[in-house]
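Dear colleague,

Please find below the structure that I am handing over to you. My findings follow directly after it.

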Amino acid sequence: MTRRRAAVLGSPIAHSLSPVLHRAAYAELGLDDWTYERFEVDEAGLAEFLAGRTAEWAGLSLTMPLKRAVIPLLDEVSGTAASVEAVNTVVFGADGRRRGDNTDIPGMVAALRERGVEKVDSAAVLGAGATASSALAALVQVCAGEVVAYVRSEERAAEMREWGRRLGVAVRTADWADAHRALGAPLVITTTPAGATDALAAAVPAAPGILFDVLYEPWPTTLAARWSTGGGAVVGGLDLLVHQAVLQVEQMTGRAGAPLAAMRAAGEAALAAR
């Protein structure tokens with residue numbers, strides 16, 4: 001039996017649910033010879049870590065701050081990852097080549113489609129940064145019209161407009177002070193840190209649309225809880241995490257049909273135990 005290894009890298013990394021999800025998939029698929037670990041690795045240590053990988057290594061999941069730093073260290077980058085300059089998945093080929101991909105974007109689309117969201121006329125994004133750019137890339141497939149991005153500075157606003165231009169999304173920016181206006185959109189995607197949207201909960205409309213809150217801990221967020229109470233549909237960070245991990249498992253193992261339900265159940269149990 002040939003041992004195969006995979007892991008998640010980042011800094012900080014102790015909180016990562018990736019080992020729980022991937023190990024659940026291996027157990028369900030009968031991959032008893034596969035292991036999945038976590039390693040604290042920052043940008044300065046990434047090249048050395050990659051150089052030390054042996055033939056038993058199948059792939060890596062990457063979180064902050066490595067998603068952009070890894071790109072110069074790869075032999076190939078998928079079009080999806082290149083579109084947002086962010087790699088969260090590295091697969092090692094039999095020839096040793098390193099291929100980078102981004103499963104966050106298709107993971108977002110899959111999480112929305114699981115809840116029946118195929119197409120919306122417009123959308124709002126709360127926040128900027130790497131997750132927000134991935135959200136814009138996902139909205140290429142989901143949103144037929146304008147996306148309004150609510151940000152805290154003109155610098156961030158310019159970045160989001162540039163991402164929109166590069167990705168082919170009609171992006172208009174607005175000041176964070178008006179973020180309550182975002183909640184009337186058919187689809188609202190929040191990409192902000194914990195607590196950043198708590199004050200907006202009081203502004204949830206009487207008939208809310210769909211909220212995609214990328215946080216999974218703490219859960220539910222104040223905004224997500226109020227949204228659900230108002231009868232709106234909520235897609236959470238665990239939904240995103242599981243869907244992107246399904247795609248990672250499939251790429252790393254070469255096996256189609258990663259067990260979504262088992263992975264989600266494992267993630268829910270791990271969060272409940274914290």
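**Findings**

Helix α7 (residues 222–229) lies across β10 (187–190), β11 (210–213) and β12, and its direction makes about 160° with that of β11. Please note that the model is predicted.

The three strands under this helix belong to an open sheet of six strands, ordered β9-β8-β7-β10-β11-β12, in which the pairing is parallel. The edges are taken by β9 (171–175) and β12 (233–235); each has a single partner strand, so one side of each is left without a neighbour in the sheet. On average, neighbouring strands here are turned by 20° against each other, direction ignored. Within this sheet, β7 (residues 123–126) and β8 (residues 147–151) run parallel and are joined by four bridges. L126 stands opposite Y150 of β8. Helix α6 (residues 154–167) also packs on this sheet, where it touches β7, β8 and β9, and its direction makes about 165° with that of β9.

Helix α5 covers residues 130–142. Its 13 residues reach 19 Å from the first C-alpha to the last, close to the 18 Å expected at 1.5 Å a residue. Among its buried residues are L136, L139 and V142.

A further open sheet of six strands has mixed pairing and the order β2-β1-β3-β5-β6-β4. Here β2 (34–40) and β4 (76–77) stand at the edges with a single partner strand each, so one side of each has no neighbour in the sheet. Strand β1 (residues 4–10) runs parallel to β2, and seven bridges join the two. In this pair, R5 stands opposite T35 of β2. Two helices are associated with this sheet. Helix α1 (residues 18–29) lies across β1, β2 and β3 (57–62), at about 175° to β2. Helix α2 (residues 43–51) packs on the sheet and touches β1, β2, β3, β5 (89–92) and β6 (98–101), with its direction at about 165° to that of β3.

As regards aromatic side chains, a search of the whole structure finds four aromatic pairs. One of them, formed by Y26 and W34, is tilted, with 5.4 Å centre to centre and 50° between the planes. Y26 has a relative accessible area of 3% and W34 one of 12%; both are under 20%, and therefore both count as buried. F39, F49 and W57 form one aromatic cluster. R53 lies over the faces of two of these rings: it is 3.7 Å from the ring centre of F49 and 4.9 Å from that of W57.

With kind regards

Note on methods
Residues are numbered from 1 along each chain as its sequence is written. This is a predicted model: local features need pLDDT of at least 70, side-chain atom pairs count only at pLDDT 80 or more; totals for chains, interfaces and linings use all residues. Side-chain values use heavy atoms; hydrogens and water are left out. Two strands pair if DSSP finds at least two bridges between them. Contact means heavy atoms within 4.5 Å. Axes are lines fitted to C-alpha atoms, for helices over the stretch in contact, and angles run from 0 to 180 degrees between N-to-C directions. The expected span of a helix is 1.5 Å times one less than its number of residues. Buried means under 20% relative accessible area, exposed over 50%, partly exposed in between (1.4 Å probe, protein chains only). Rings of Phe, Tyr and Trp (its six-membered ring) pair if their centres lie within 6.5 Å; planes under 30 degrees apart count as stacked, over 60 as edge-to-face and the rest as tilted. A charge sits over a ring if NZ of Lys or CZ of Arg is within 6 Å of the ring centre and within 35 degrees of the ring normal.
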